[in-house]
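Trainee: Could you take me through one part of this model closely? I'd like to hear about the pocket around the ligand and whatever sits beside it.

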Amino acid sequence: MYFPTVLSAVTALAGLAAAAPFQHGGPPGGAPAGAAPTPFVIPTDDGFPNPSPDQLKVIQQIADGTLSNAPPPAKINESSFPVFQLIAFNEQFEVAFFSSLLQNVTQNVPGFTLPDPKKKDELIDILETVLAQEKLHAINAAKTLANFNQFVPVPCKYQFPTSNIYEAIALAERFTDLVLGTLQDGAQTLARNGDAGAVRGLTSSLGQEGQQSGFYRILLSKKPSEKPFLTTNVAAFAFSALQQFIVPGSCPFPLSNIKLPIFPGVSVLSGQGGTNVEPRDQHLAFKVDLTGVSAADAYIGKSNLWITYFSGQLLPISSPIVNVKWSGRVATFEAEFPFTANEMVGLSVASLTTKGQFANAPEVVASTLAAPGLIQVDDRVKSWDGFKL
Ligand SMILES: *[C@@H]1O[C@H](CO)[C@@H](O)[C@H](O)[C@H]1NC(C)=O
Ligand SMILES: *[C@@H]1O[C@H](CO)[C@@H](O)[C@H](O)[C@H]1NC(C)=O
């Protein structure tokens with residue numbers, strides 16, 4: 001088993017999970033406290049996001065594989081373009097995140113130092129490949145959009161809430177898991193829109209992200225395979241969650257170019273900001289700030305709302321909110337987390353909804369006031385610990 005050093009660093013820092021939320025508090029209440037992090041700009045030395053043919057060759061070498069050489073589909077349904085725009089937007093964020101993480105580990109930034117130089121080399125080697133692979137995911141989505149003369153997102157400036165390697169790997173696992181749910185939505189949208197030709201490539205990258213998640217999970221002492229059927233998600237919730245990593249106003253295009261709603265987040269107050277939630281039936285505590293959400297006007301001060309969970313491939317699970325306290329348009333409340341009946345190990349994606357019954361995940365979006373809130377119940381392994389000593 002490799003990576004003993006990282007594993008021990010990770011375990012030693014496990015108590016700091018609260019500092020690594022992938023939690024979208026929404027403006028103005030939810031951003032992590034403390035000084036604003038320095039905006040991160042993706043380095044352009046390899047030409048990304050528009051590498052020359054020679055630069056692309058180098059990226060592909062590092063990525064251990066190439067872009068597809070299949071001809072582009074003859075047509076793409078207009079309703080499918082947001083799928084590719086969200087993928088490009090997300091992958092550019094991932095490129096920024098892994099570039100920053102790689103820089104931090106390479107430069108021995110405090111919190112990102114590894115005591116064993118061999119383990120440091122190994123992590124750098126893996127991160128370099130992951131980074132190049134994410135670049136190709138982004139370029140692939142951008143190429144599809146450009147081929148049909150559609151809007152192609154370009155990188156923004158980014159901010160990360162993480163200040164040590166444990167937090168960074170934990171965040172990588174959380175956002176990768178959310179992507180694994182979001183790409184399910186992408187595949188289904190393409191299929192529904194008559195774009196079957198793009199499904200194979202999309203699911204190829206979905207599996208790739210799953211391999212990454214398994215690696216991060218091992219570093220975090222979790223079983224690599226999270227659930228038999230990974231938790232689903234919807235594009236609008238992913239686009240909303242990504243906003244916390246974008247320096248406000250830093251994208252060189254209006255965010256409305258991507259035709260997806262942006263919801264304020266659901267802050268999970270239980271566990272450590274939604275992580276390390278205990279595996280049992282319980283009430284979880286939440287907070288939302290509905291400032292600027294006009295669809296919420298009729299609900300301010302009331303309690304006829306639900307927390308709706310996505311878990312695995314179950315139909316959306318809704319629990320009425322209780323113990324509701326309003327302060328202006330900010331609400332704190334609780335909702336039942338029906339763990340046992342639904343075996344809710346792994347990721348659950350919570351939304352605040354105006355209804356409590358849904359026939360499928362995409363249907364939830366139209367009744368959502370705030371989303372997502374991420375909840376993680378971990379099935380941790382003990383035996384790996386033996387390898388790190
Ligand atoms: C890299 O280090 C800086 C400085 O500590 C930190 O602000 C940033 O979040 C780190 N990057 C990642 C991906 O954790
Ligand atoms: C395009 O997508 C819409 C929405 O799913 C669908 O109603 C329509 O039939 C699709 N068009 C084609 C040509 O498949």
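Mentor: Here is a walk through the ligand sites, then the rings, the disulfide and one threonine. Bear in mind that this is a predicted model, where local features need pLDDT of at least 70, side-chain atom pairs count only at pLDDT 80 or more, and totals for chains, interfaces and linings use all residues. Residues are numbered from 1 along each chain as its sequence is written, chains are lettered from A and ligands numbered from 1 in the order in which they are written, and side-chain values use heavy atoms, with hydrogens and water left out.

Start with ligand 1. Its surroundings are Phe97, Ser100, Leu101, Asn104, Val109, Phe112, Phe160, Thr162 and Ala168 (a residue counts as near if one of its heavy atoms lies within 4 Å). Helix H3, residues 81–106, gives the largest share of that shell, 4 residues (helices are DSSP runs of H or I with at least four residues, strands are E runs of at least two, and both are numbered from the N terminus). By type, the shell splits into 6 nonpolar, 3 polar and no charged residues (Ala, Val, Leu, Ile, Met, Phe, Trp, Tyr, Cys and Pro count as nonpolar, Asp, Glu, Lys and Arg as charged, and the others, Gly among them, as polar).

Now the polar side of things. A nitrogen atom of ligand 1 has a polar side-chain atom of serine 100 at 2.7 Å, while an oxygen atom of the ligand sits 2.3 Å from a side-chain N or O atom of asparagine 104. Threonine 162 joins in through its backbone, with an N or O atom 2.5 Å from an oxygen atom of ligand 1. On its own ligand 1 exposes 360 Å², and the protein buries 75% of that (areas are Shrake-Rupley values with a 1.4 Å probe; for residues, only the protein chains shown count as cover).

Ligand 2 is worth a look too. Around it are Asn77, Ser79, Arg192 and Asn193, which divide into no nonpolar, 3 polar and 1 charged. Oxygen atoms of ligand 2 lie 2.3 Å from a side-chain N or O atom of asparagine 77 and 2.5 Å from one of asparagine 193. Taken alone ligand 2 exposes 360 Å², of which the protein buries 42%.

Back to the rings. Phe97 and Phe160 from the ligand 1 shell also belong to a cluster linked by ring pairs, together with Phe40, Phe93, Phe98, Tyr158, Phe175, Phe215, Tyr216 and Phe245. The structure holds 21 aromatic pairs (Phe, Tyr or Trp rings, the six-membered one for Trp, with centres within 6.5 Å; planes under 30 degrees apart are stacked, over 60 edge-to-face, the rest tilted). Phenylalanine 93 and tyrosine 158 make a tilted one, 6.4 Å centre to centre with 45° between the planes. Phenylalanine 93 lies in helix H3 and tyrosine 158 in the loop between H4 and H5, so the pair ties together parts 65 residues apart in sequence. Both are buried (under 20% relative accessible area, with over 50% exposed and partly exposed in between; 1.4 Å probe, protein chains only).

That H4–H5 loop also holds cysteine 156. Cysteine 156 forms a disulfide with cysteine 251, S to S 2.1 Å (the cut-off is sulfur atoms within 2.5 Å). Its partner, 95 residues away, is in the loop between helix H7 and strand E1. The S-S torsion is about 100°, so the disulfide is right-handed. Both cysteines are buried.

Last, threonine 232 sits in the loop between H6 and H7 and is buried at 12% relative accessible area. Its side chain makes a polar contact with the side chain of glutamine 184 at 2.8 Å (N or O atoms within 3.5 Å; within protein, one must be able to donate a hydrogen and the other to accept it, and residues adjacent in sequence count only if both atoms are side-chain atoms).
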